[in-house]
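Work through the exercises below with the sequence and coordinates open. Try each task before you read its solution.

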Amino acid sequence: MPLDRRDFINRSAATSAGLALAGAAAAPAEAAGEQTHRHRPTTFSLRVLGTTDLHGRVLNWDYFTDKEYDDAAHNDIGLAKVATLVAQARAEKGADRTLLIDAGDIIQGTQLSYYYARVEPITGAKRGPRHPMALAMNKMGYDAAALGNHEFNYGIPLLRAFQDQCDFPLLAANAVDATTLKPAFPPYLVKRIHVKHGPDVKVGILGLTNPGIAVWDKANVQGRMAFPGLVEQARVYVPKLRALGCDVVICTDHSGLDGNTSYGDAVPYPENASSLVAAEVPGIDAILVGHTHKEVASRTVINTGTGKPVVLSEPLMWGMRLSVFDIDLEFRDGRWAVASVTAEVRNANTAAEDPELAALVREEHDKVVAYVNQVVGTCAQAMSAREATYKDTPIIDFINLVQRDTVKAALAGTPYASLPVLSEASCFSRNAAIPAGQVSLRDVAGLYIFENTLDAKILTGAQVKDYLEWSARYFAQTAPDAPVDPAKLTNANNTPDYSYDVLSGVSYDIDIAQPVGSRIVNLTVGGAPIDPAAQFVLAVNNYRSSGGSNYPHVPAAKSVWSSSDEIRNTIIAWVKTNGTIDPAAFGGDRWRLTRAGVPLFS
């Protein structure tokens with residue numbers, strides 16, 4: 001019987017996969033400093049390279065600005081840059097003793113990845129378009145990648161199609177079939193690295209994804225897959241890897257370091273558990289960390305059971321950095337044992353793009369550039385999100401206008417048609433802008449960079465106030481006479497911009513001189529104080545609706561409508577239908593920051 005390509009890769013991932021040959025160049029027979037005894041080596045070293053949170057970045061290109069990527073720190077992005085760093089790192093250590101892995105969030109995040117999920121979607125390995133991320137990662141010779149939560153944004157069939165196109169396994173020990181509880185993806189991979197005149201070194205790579213998938217992509221995974229905790233599944237599989245004879249065990253975790261959780265008690269497992277895995281699960285030597293988009297060159301956690309160090313590294317995001325783990329081993333008591341692990345990160349802005357890899361995806365890139373530059377409408381005046389996190393701005397009002405219009409139209413003729421419709425929106429990118437005059441698809445798409453869909457849920461007036469109080473935690477408490485610096489006013493308690501919501505359909509003040517929980521004042525609907533018992537329909541994205549950012553009431557609220565289309569597409573369709581965006585028509589609702597009743601900004 002012919003063997004399915006995905007099945008072949010998965011079977012290979014669950015057993016020894018043969019020699020770890022990650023490139024064409026061979027290492028010297030003995031690396032500098034390695035020792036031998038009667039021709040048998042007594043020391044050996046290997047290298048593991050890691051990326052994470054690539055989010056559809058292949059080239060150093062920003063599809064929203066239509067030019068090369070740049071930021072205040074002058075970072076560069078994309079696998080074409082990383083490929084050069086990888087080639088250099090392999091040449092230093094030797095390709096036959098270097099592995100390359102990823103910690104997830106590969107196929108979502110740019111218009112390039114969106115195009116091959118929704119506009120011209122991939123269908124599998126044997127027919128149809130090729131996913132640019134698969135093309136690039138196959139070319140670079142990745143050995144394995146963990147699944148990230150955003151891998152599930154487009155649904156399981158699209159993820160399986162991507163899996164079919166990859167020449168390496170997608171690992172997730174804690175993604176299981178919801179019925180059988182058996183692994184839905186390969187949990188681990190074992191690689192054998194040849195040692196001249198000595199026994200091979202066996203390296204176990206364990207992949208762990210994020211339990212929050214059950215919340216954030218509930219519509220795509222409920223009843224199909226379940227997502228146990230990282231610590232719980234690592235306790236199952238690390239001993240298995242050691243029993244298989246692995247001399248080295250490295251985890252690739254789509255989970256941050258600090259132990260916090262954005263979804264409250266919606267699931268009983270922490271979101272950011274990599275440090276817990278290192279501390280609580282014996283037998284791990286190193287962990288490649290992802291999910292939180294942070295740069296952590298090296299952090300050491302002592303395992304509480306063994307007292308041994310575990311080295312963790314997180315290489316920022318988007319291919320800006322490459323983590324480099326160097327692992328030294330000693331041969332003792334008849335087998336290899338880890339003597340030391342060190343980690344560092346290397347900066348992609350020091351590297352030129354790999355021309356072969358760039359050429360490999362040029363056709364796909366050019367097609368997407370043409371797609372995002374099509375004109376979809378006009379705008380009466382320029383709008384910017386630069387001040388949207390601390391001021392009422394038309395650009396956020398526009399998102400809310402589209403969402404309210406969409407929900408009102410959907411509820412027409414239903415028992416809920418008479419209820420007032422409110423809407424929530426966040427500033428996903430402070431760089432988002434709509435120019436005056438002609439508006440392109442990329443301008444509009446830049447307002448909504450996530451693949452969220454739209455829900456409509458019933459809240460009471462009292463619950464709306466609770467919702468706003470939770471949102472207002474985003475601001476630092478500031479005394480009435482204290483100086484105000486907008487740069488220090490937001491993101492209190494490390495709250496990200498995407499977790500701060502602005503509501504339309506109501507007007508309100510946020511008094512930041514007051515403590516958290518007592519900040520919302522002058523909350524009105526149509527000029528009258530809100531009735532705590534009145535019912536409202538809230539247009540809310542599916543991430544928030546499912547419990548993302550732990551907002552109160554919404555996950556349990558009655559749903560009266562939902563859409564499977566991305567909000568980004570809904571906004572683009574609105575512009576195409578209406579032709580012109582006119583901020584003057586957005587309505588009279590407003591919110592503002594105050595201190596003791598005095599407005600902060602005009």
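Four exercises follow, on a model that is predicted.

**Exercise 1. Overall build**

Task: Determine how many helices and strands the chain has, and how its radius of gyration stands against the globule rule.

Solution:
- Step 1. Count the elements: the chain has 17 helices and 34 strands.
- Step 2. Compare the radii. The radius of gyration is 26 Å, and the globule rule gives 25 Å for 602 residues. The two values are close, so the chain is as compact as a globular protein of that length.
- Step 3. Add the extents. The C-alpha trace spans about 90 × 50 × 50 Å along its principal axes.
- Step 4. Look at contact range. Take contacts between residues at least 6 apart in sequence: 77% of them join residues at least 24 apart.

**Exercise 2. Surface and burial**

Task: Find what share of the chain is buried, then examine helix α5 in that light.

Solution:
- Step 1. Set the cut-off: buried means under 20% relative accessible area.
- Step 2. Apply it to the chain. Of the 602 residues, 57% count as buried.
- Step 3. Take the exposed area. The chain exposes about 23400 Å², and carbon and sulfur atoms supply 51% of that area.
- Step 4. Turn to α5, residues 156-165. Nine of its 10 residues are buried, so to speak a mostly covered helix. Charged side chains are named there too: the buried set includes R160 and D164, alongside I156, L158, L159 and F162.

**Exercise 3. The largest cavity**

Task: Which element gives the largest share of the lining of the largest cavity?

Solution:
- Step 1. List the cavities of 30 Å³ or more: there are three.
- Step 2. Pick the largest, with a volume of about 130 Å³.
- Step 3. Find its lining. It has 14 residues, and D397, R404, S504, F586 and D589 lie nearest the centre.
- Step 4. Assign elements. Those that give two or more residues are α12 (394-411) and β26 (502-504). The largest share, four residues, comes from α12.
- Step 5. Sort by class: six nonpolar, three polar and five charged.

**Exercise 4. The second largest pocket**

Task: Characterise the second largest pocket by volume, lining and class.

Solution:
- Step 1. Take the volume, about 450 Å³.
- Step 2. Find the lining. Of 23 residues, R242, D285, K308, A337 and V338 are closest to the centre.
- Step 3. Assign elements. β17 (309-315) and β19 (335-347) each give two or more residues. β19 gives the most, with seven.
- Step 4. Sort by class: 12 nonpolar, four polar and seven charged.

Key. Residues numbered from 1 in each chain as written. Predicted model: local features only at pLDDT ≥ 70, side-chain atom pairs only at ≥ 80, totals over all residues. Heavy atoms only, no water. 1 Å grid on protein atoms, 1.4 Å probe; cavity = no way out; pocket = protein on both sides within 12 Å on 5 of 7 lines; lining within 4 Å. Points joined across faces, edges and corners; volume = space filled by probe spheres on them. Nonpolar A, V, L, I, M, F, W, Y, C, P; charged D, E, K, R; others polar. Rg over C-alpha atoms; globule rule 2.2 N^0.38 Å. Buried < 20%, exposed > 50% of the residue type's maximum accessible area, 1.4 Å probe, protein only. Contact = heavy atoms within 4.5 Å. Areas by Shrake-Rupley, 256 points an atom, 1.4 Å probe, with all protein chains shown as cover.
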